[in-house]
Amino acid sequence: MRTSKPSIHPASGRFGAGATLASAWLAAACLTTPFAAAEDSAQGADFAPVSIALEAGTAQGAPIVLIGSERRRQLIVTAADASGKQRDLTRAVAWSADPAGVVEVSPSGFVTPLGDGVATVVVSHGALTATVSIEVKSFEHDPPVNFTNEVVPVLTKKLCNSGGCHGKAGGQNGFRLSLLGFEPTEDYEHIARESRGRRLNPAAPERSLFLQKASGGVPHGGGPLIAPDSTNYRVLRRWIAEGAAFGDPEAARVASIAIHPATRTMTPESEQQLIVIAAYTDGSTVDVTAEAQYETNAPEMAEVDAKGLVRTSDRAGDVAVMVRYQSKVATFRATVPLGAPMPSLPPAKNFVDELAFAKLMTLGLPPSPVCDDATFLRRVTIDLAGRLPTPEEIEAFLADPGPTKRDAKIDALLASGDYADWFAKKWTAILRNKRETEEEKHGSFAFHGWIRESLHENVPYDRFVRGVIAASGEPEQNPGVIWYREVPEQKAQAEDAAQLFLGIRLQCAQCHHHPFERWSQEDYSRFGAFFAQVGRKPGALPGEERIFHKRGVATTVDAKTRQPVTPAGLGGEPLTIPADEDPRHRLVDWMTDPANPFFAKALANRYWKHFFGRGLIDPEDDLRETNPPTNPELLDALAKKFVESGYDLKELCRTICRSTTYQLSSTPNEFNADDTQAFSRYYPRRLPAEILLDAVDGATGSPSRFSGIPAGTRAVQLPDSAFNSYFLTTFGRPEGESACECERTSDADLSQALHLINSDETLNKISAGGGLAAKLAAEADTELRAKIRRIYLLAVSRPPTAEEEALVYDYVQRKTSEPNYDAKRAFEDVVWSLVNSKEFLFTR
Amino acid sequence: MIRFLRRLPVVAALSALLAASVCAQLPDPRLKSIFPAGGARGAEVEATISGTDLDDATTLVFTHSGIVAAPKTEPRRPFETEPQVVADKFMISIAGDVPPGLYEVRSLGRFGLSTPRSFAVGVLPETIEAGNPQSLETAMPISFGSVVNGRAGNEAYDYFRFPAKAGEKVSLRCEAARLDSPLIPRLELLDATGALLAVGQGEPQADATLDVQVPTDGDYVAKLFDAMYRGGDEFVYRLTVAALPRADSVFPPVATPGASARFEILGRELPGAAPVPGASESGLPLERTEAEIAAPAVAEVPDVSALGGLFEVSSADVAGFLHRIETPAGPSEPFLLGYATAPIVQEIEAGESSDAAQPVEAPCEIVGTLPTARDRDRFTFRAKAGERFAVEALSQRLGQPTDLEMVIEQLVAGPDGATTREIAAADDVDRAFGNPPFDRQARDPALLFVADGDGEYRVSVRDLAGGSNPDPRRTYALAIRPPAPDFRLVATVKSFAEAVATGEAGGATVLRKGGTAVVVVQVVRRDGFDGAVTLSATDLPAGVTTPPVIVGPARNLAMLVFSAAPDAAASQGPIRILGEATIAGASVRRSAVGAVVVREKDGRTTNAVTRLTASPMLSVIADEAPLSLEIAGEANVSASRAGKIWIPIRVIRRAGAKGAVDVGIDGAAKEIVATALSIPEGTTDARLELKLDAKAPLGAVPFVLTAKAQVAYSRNPEAAAVAAAKLAALDATIAKLTAENADPEILKAADEERKVLEKRSQDLAKAAEPKDVAVVAHSLPVTVTIAEAPFEATPTPPAQPIARGSQAEIVVDVARSFGFADAVELDAVIPADFAGIAIEKATLPPEATQAKLVVKAAADGSTGEVKLTLRASGTYDGTRLQIERPLALTIGPPAAATP
């Protein structure tokens, strides 16, 4: 045990900027801004409209007809100023309709019919006016209610069929609905027929249990959801009164939905009303703004209410609003520029910069300057090689005056075995290479070795993926088969393959239509059918298997229809694959086709996240229409480049690392501290567990020893996660339990802090007889300043500042001369302090 | 986590069990490693052996007469009277004309010949791992163009530094599995600073290779380790760093016996070779050359020892020959070519996913390649109805990492063109010998089929284990030919120890005077051969006999028992095990190849590893067998199903045998069960009762009886006596030197030697103290011929046709045997499509031997011959048995109506 506490603290003064960044990093998830003040600021003070347009979401001039008493229509007013900038003035204008008695228009532009006729809706804003004509027909003669098209959307909108309520697998309190109304025939069965139809009373519709529960007439666990005077209530009541028929099963169905506007540049703390138009299979369109559901992907950036009104916060950036109606989804994307004055941008090195800077220009978000050499070297060595730079590398790099030394360093790191070690660590976890028994050791080590070798030799990514997905034979010859050991179920294979290599989370579609996606149960079954013929035979070593293609035409029983279906790529045509052809190869053919919309993009995005800590789409393996990229052009360009390079992983890394965008300083300027998605600066991150442990080993001069593997093996080089280490577990090493990189946690917590501050492991490393402190103390011939420089280079990868050097120099001098103290202990204090500094813990 | 908890205790318990059972047994010499595991031809090598029961090893026995060994000796010191032999160390001389390749070595010592290990002979200069090259800094310097012999250390890397010039092709090759080493090698090539340049992964049954063209002049480092970072004395390897000729694959993989042909050879540094576009291995393209190879006219089984640990037991039925390519650098290592069994036809590559089929004419042997898992090769041939074919693939058994699957279809004309009708499919061939660990599956498919119509048939082959990257070295031969029934024999050497323990170990075959040893012989039946095989052994040492054993038609395994006379002299050497059978009227004779356990299953990371060996070896040692079991009566007996047999036996107890002897059987069908029998101490004679199940196999079933007992065994007391005598002599010398005031340095050395001798003497004396060991003695073979039932029924139908509308009698003679005297019930089964006859059941009373069945033919029934089944059933020893015999009746037209 140590008898004294170290008596100085890390050079926190220098790290002031970093501390701010770290706080930003920590705060990213909890910073939200209330919208109370935003209500009337929609038009902004500096916006001078020169024109206004009254829009209904359909083609300008197209007749607007409301049939029956229950159709509504959302109108919006879009103003433009002299520069062409557009603003939503829907709630800022005065609305009127003439003649009276045809329609009523609310202050938010929501039109409700009152009686047959044609009315002109007029809006005015100062001197500007706009009009639109609306016809109401059959007000007294509503067409019969269609269950699928009209009743189900009400249930969905009111969340009756949500996963937390009647939509969950077992229903709620004896009443079950299909999740999000994806199965209308089942819902009809449950509502109209189950329990001998006790839920409905066509003779006295308002006394129906179904309506009374919904409207609060009888106690309802979910509370009253539908007001008795609302349109929704009237639709349900009328449906019951009409005899609660299912309606024409052949009636037109929703084919797609469209949002108007689809994209918009908004200002901070402004509003945009959306219109959602559903297009039906018969070509008709219906305004479903009131029935659609809305959800934003970045609540800290914008909120959306149930009526489709989007309100931005005070932050700049991109936000998407997912809109869902029936089984269709669409996305509204808003860009909120900060509008800060843009100084001259750092030099653009390649297309990454051109596209990233274009985004910053759009946002008016000035980037931080390019980082200094020491910061770059540390950052790129960590990201590419999974380690800290050595003192010798730092000295050489800093001393090198060459203009291309950064590019050269990137190339050298990519060529090194350390690159293979670090990226093998990344891939080995998401390929779920883990081991629970001694028998599994050979396969796990072989799989890791194969991944490492493939990365080192820069095997094209399409071939690498084929080596996993289409792996056959024994682990020794084709180590990719270990994936089939760790992912033994056909469903899990399909889900993992989709998530890992396509960035598509298919899991939801196993039981029901994907709520945020276009994937149906049939898509799920067909995708899974690629794995239907995976056979297993005993292998040469205990517990090992030979994976092979079991002869037979690949089919899987569709969970919904109970019919066998043949394989199909997602969005691809169904394939009939001969009995003696392995469908897994056809799957890889489809995946790795340059035209595949997911494969290259998913990898480019995954690697972008590796280097920036945040994907262009985040999470990096959740690519879907409703989770759009923050910079689609950049992601497209990266994916295109990746395909054109022949799926060259090192080239992708090189492209990213060479960009100025990657080399920006993490220190925020006065505008970009809040930026977490436009990459206007580098976002600091805590070191991953393995790199951190290796860094502690390096900074203390006491390497960790893992049993079962030669001494000197660094944590980053461990072939799997079965090596016991409290340190690695505490700092979030992934265990290979899933295909998700989220298994690796980069959160900071108290146990981590305590472990570094005063655990036996850390303190023993610092005070070890063969450790750095002991060595420095024993070196009689080395000047103290050189020793201090060495400690700094080892820990924070830069020389100390003059101030730091003086502080530490004085401290060591003073402590060495104190009784009961010595140079070793003084150096231990310095090492301890640095190891516990944020600058050590973070890459920035 | 659940999996972990579930498995852990099982492993622990198993290890404990193995430890307990293995520790107490009679010595059974096993050579576990020889280091170095090879040397250059023309060189003398100092080698160390390790293993179990290798006491007093006096020499090493090699399978090539040009390799000889002598014990290593230290020069005589002043206090010694003669040069001193260093235990377990030998000087091995390799003659300059020994062809490079693998040979086998066994140690010969107090307990006979050991199990074999492979020993390599090379052409390059060799060194032995020295220093402690476990870090980059301490890498051992070696020269380019040399072989280093090393042993992997546990949780350690080995580093070797060598110079190379820019642009030079460097091949690293680590041999391990072929040397019987458990090492699964991993190779890395580093530059002088330790930066990784290239990686080479090995395979459990193959070498690790790494071929690169080095970028610059300078030092390079080979880094070598085990795939699981294991290590130890047994983890021997040979690392070659050179640009040496190497043949990776030969195409075609088979040759026509007695013919000369051109072969394509893929490999490295071959004379006149050119790079193969697109085919790369570790970054460098493979090279291709051609060579004229003349195949010998006849060869039964290749000299398998030359392939070492790479030749699996599942390859035992491959007929072929070994060939070496002559290069300016000397002959290459040998590779195996199979014998074609039909005219060779070459596959025309149609593209990996093509459905096109290549027409061939049967009989033929198609030679082709399946470079990737996606490749499918299809061939069509014409056949006539009733034509019989054997279709057999040869690939994995020649050492390819393939796992072929084969499908045979008939092409059927349909309205939309030809469709296919699947006839048969084959994957792995499981011969199910029931003799683990020797009954490994062959991954090459084979099947027999009879064309059921004139027309076109299609054979498709594909590789279930193929990788995604094209590899032209994955070759196959596919024979489509008339069946040629034949057999091969594999002698799997079992030891006493194995019988005591798990039944899975295989050691040396060691005979003690008056004792027996068992060799299990597997009959590998080919092309549907199902005849009986008579096994015998020749070339036996004096005093050793082996009664022949017949392996019945439906069986493929028998135990051959070698018995040493009580006065047999110690000797050792190869023996020949022969099998004779009559095939298509001709007598066919085959001799057995041997199979040995290279390594036993460790329960965790390795299964038992077996391989073929040159020939079975036998030793007779000077010790007496402590226990023998004799059949005190007839060894060939008959019995009926459901019956019992009593075999009179006698146990012979010799030195140390004590307590009761438990008697049982081994090698019989599971339907033959021995009643537990324990012969108490002091008693020698008894009868062993065997019960036959109602489903016991019919015909001759050979097996042996076993006797198990505890023996107070004194291990190698002679060695203890010799050591004690040496110690006494040294004491006398020391006393003399002291008295003579000899040089204190000499006295000091003598004292130190005394300590060593004293320790050894004590250890040997302790080992020689009698300890209880479990001993199993085998009897000579017993053959029981099993009948279907203790009765036989012979029906005699009426001599004349039975007229419709009349009745007649069938006379059934019943022969009784095995003392069966009970009633027999008789009836007949009439085919459903023959109308109008009825036969009443009849019961034959006890003791009676003839009964009559009455046949009634209705007036309006069928006429003509009808084939019936006569059934006779009776109860024997409480078990109901039934036999069925054919019976034909003729029903004639109604008798002419009497006017």
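Which side chains of strand β2 of chain A point to one face and are buried, and which point to the other and are not? The legends below, drawn from a predicted model, start there.

**View 1. Strand β2 of chain A has two unlike faces.** The strand covers residues 64-67. A:I64 and A:L66 point to one face and are buried. A:V65 and A:I67 point to the other face and are not buried. Such alternation between the two faces of the sheet is what a regular strand shows. β2(A) pairs with strand β10 (residues 128-137) of chain A in the parallel sense, over four bridges. Within β10(A), A:I134 is the bridge partner of A:I64.

**View 2. The largest nonpolar core holds 148 residues.** A:W427, A:Y461, A:W483, A:F501 and A:F527 touch the most other members. Helix α17 (residues 599-612) of chain A gives the largest share of this core, nine residues. A second, separate core has 37 residues, including B:I647, B:V773, B:V775 and B:V782. Nonpolar side chains tend to be buried together in soluble globular proteins.

**View 3. A:F527 and its contacts beyond four places in sequence.** Alanines in contact with A:F527 include A:A494, A:A497, A:A498 and A:A568. Leucines include A:L502, A:L506, A:L570 and A:L587. A:G569, A:W590 and A:M591 are also in contact with A:F527.

**View 4. Helix α16 of chain A is largely enclosed by the rest of the structure.** Eight of its ten residues (583-592) are buried, so the helix has little exposure in that sense: it is largely enclosed. Among the buried residues of α16(A) are A:P583, A:R584 and A:H585. A:L587, A:V588, A:W590, A:M591 and A:T592 are buried too.

**View 5. Two cis peptide bonds precede prolines.** One joins A:D618 and A:P619, with omega about -5°. A:P619 lies in the loop between α17 and α18 (632-644) of chain A. Another joins B:A362 and B:P363, with omega about 0°. B:P363 sits in the loop between β30 (358-359) and β31 (364-369) of chain B.

**View 6. A:A244 and B:D56 have positive phi values.** Phi of A:A244 is near 50°. This alanine is in the loop between α5 (231-241) and β11 (254-260) of chain A. A:A244 is buried, at 5% relative accessible area. Phi of B:D56 is also near 50°. B:D56 is in the loop between β3 (44-52) and β4 (59-62) of chain B. B:D56 counts as partly exposed, at 43% relative accessibility.

Conventions:
Residues numbered from 1 in each chain as written. Chains lettered and ligands numbered in written order. Predicted model: local features only at pLDDT ≥ 70, side-chain atom pairs only at ≥ 80, totals over all residues. Heavy atoms only, no water. Core = buried A, V, L, I, M, F, W, Y, C linked by side-chain atoms within 4.5 Å. Buried < 20%, exposed > 50% of the residue type's maximum accessible area, 1.4 Å probe, protein only. Contact = heavy atoms within 4.5 Å. Pairing = 2+ DSSP bridges.
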